[in-house]
Amino acid sequence: MLGVSGVSIKPSDGLSPDDVGARVSVRHRLLSGPLSGATDVVGDLEILDAEQLAIRRSDGSLVVVEADAVVASRVVGPSLLSARELEEVSGRSWPAPDEEWLGRWWLRSAGGFTARACSVRPLGDPGRPFDDALEYAVGWYAERGQPAMIRVVSGSNVGGELDRRGWTSAREAVVPTVTVARLRRLLAARAEARPAPSAVVKTATLPPESWLQRYEGGAISPAALQVLTGAPDVGFATIDAAEPTAPAVAIGRAAVEGPWVGFTAIEVDPLMRRQGHANAVMLALTEWAASQGARRAWLEVLAANHSALALYASLGFAEHHRYTYRSPPEA
């Protein structure tokens, strides 16, 4: 059972079904043999039921612990996935139609549609000297009539190298994460306490016309549509307006790459906000993602958007990492 409601090990052990997908530390007794005593295991919690826990360690091995053997346990972080790895997952969930790998630098372009799809993601060694890699990237974007941007994880070595070369920084963003089980529970509780009026949420693997009309004012280029629909496992949630030809009241998008789901394009008609529509959309997408096997969720929020960060914190999201977009110094 994965995060079944109502199932938990002893309260003193500190874990609940909400924590499936989180990074945990579990101390447990060795029940027999010459190594009897207690030992610790740290990893991502994959299974929690009344009889056992299963923890996936960083080396990929799965450790199964009988519930009766647990001495103590606690959540120690969102997951073992590094910022670099989650940056790669998030890139695949927002796929650029034009891309090239320079070693482990991922050059991406979508004709100017969003910085997320039109920037370099440095995920490792570019396979050539740093300055040569920068020169190549700048030229690659120039050929496409776009400014060069590099999406850099805060505190990374790449950021330090760009600082020394005078590259400017803008649009700091936070990538918070949460377990799907916790998010599902909190969204459901919020929906029960404050149901959205007449909010019928429809989910589909392609965005309906009303969804497209709502997203960023309806200005959807062919490249943008490729980004929105190009992930391997993507779902769209829509709350339609009363008028059949009107833009949707609320929309959202989720892309699953097991065990992760990323949420994007959560929008509500400004005249219909604070009525529970965004919560209803998020809940529908979370339910859909859980049915696809997702156990952990991520999203991206501008660091200056304090109200959004507070909202997501109330839904259990905690910061995983930050990034900024870096641009070459002006000539």
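How many aromatic pairs does a search of the whole structure find? The search finds nine. This tour visits some of them in a predicted model.

**Start with the whole chain**

Show the full chain as a cartoon. It holds eight helices and 17 strands. Its radius of gyration is 22 Å, close to the 20 Å that the globule rule gives for 331 residues, so the chain is as compact as a globular protein of that length. Turn the view along the principal axes. The C-alpha atoms fill a box of roughly 70 × 60 × 30 Å.

Now switch on the surface. About 15600 Å² is exposed, and carbon and sulfur atoms supply 52% of that area. Of the 331 residues, 47% count as buried. Contacts are worth a look too. Take those between residues at least 6 apart in sequence: 65% of them join residues at least 24 apart.

**Select W105 and F130**

Hide the surface and show these two side chains as sticks. A pair of aromatic rings is described by the distance of the centres and the angle of the planes. For W105 and F130, the values are 5.6 Å centre to centre and 85° between the planes. The pair is edge-to-face. Colour strand β7, residues 105-109, and helix α2, residues 130-143. W105 lies in the strand and F130 in the helix, so the pair ties together parts that are 25 residues apart in sequence. Are W105 and F130 buried or exposed? Both residues are buried.

**Select W140 and Y141**

Next, pick W140 and Y141. Their ring centres are 4.9 Å apart and their planes stand at 80°, so this pair is edge-to-face. W140 is buried, with a relative accessible area of 3%. Y141 counts as buried as well, at 0% relative accessibility.

**Add R144, then R108**

Keep W140 on screen and add R144. Where does R144 lie? R144 sits over the face of W140, at 3.6 Å from the ring centre.

Then move to W106 and R108. The charged end of R108 sits over the W106 ring, 4.7 Å from the ring's centre.

**Finish at the cluster**

Clear the selection. Which residues form one aromatic cluster? Select W94, F113, W211, Y215 and F236 together. These residues make up the cluster. Show their rings as sticks and rotate slowly. Then zoom out to the full fold, with its eight helices and 17 strands, and place each stop of the tour within it.

Terms used
Residues numbered from 1 in each chain as written. Heavy atoms only, no water. Phe/Tyr/Trp six-rings, centres within 6.5 Å; stacked < 30°, edge-to-face > 60°. Helix = DSSP H or I, 4+ residues; strand = E, 2+ residues; numbered from the N terminus. Buried < 20%, exposed > 50% of the residue type's maximum accessible area, 1.4 Å probe, protein only. Lys NZ or Arg CZ within 6 Å of the ring centre and 35° of its normal. Rg over C-alpha atoms; globule rule 2.2 N^0.38 Å. Contact = heavy atoms within 4.5 Å. Areas by Shrake-Rupley, 256 points an atom, 1.4 Å probe, with all protein chains shown as cover.
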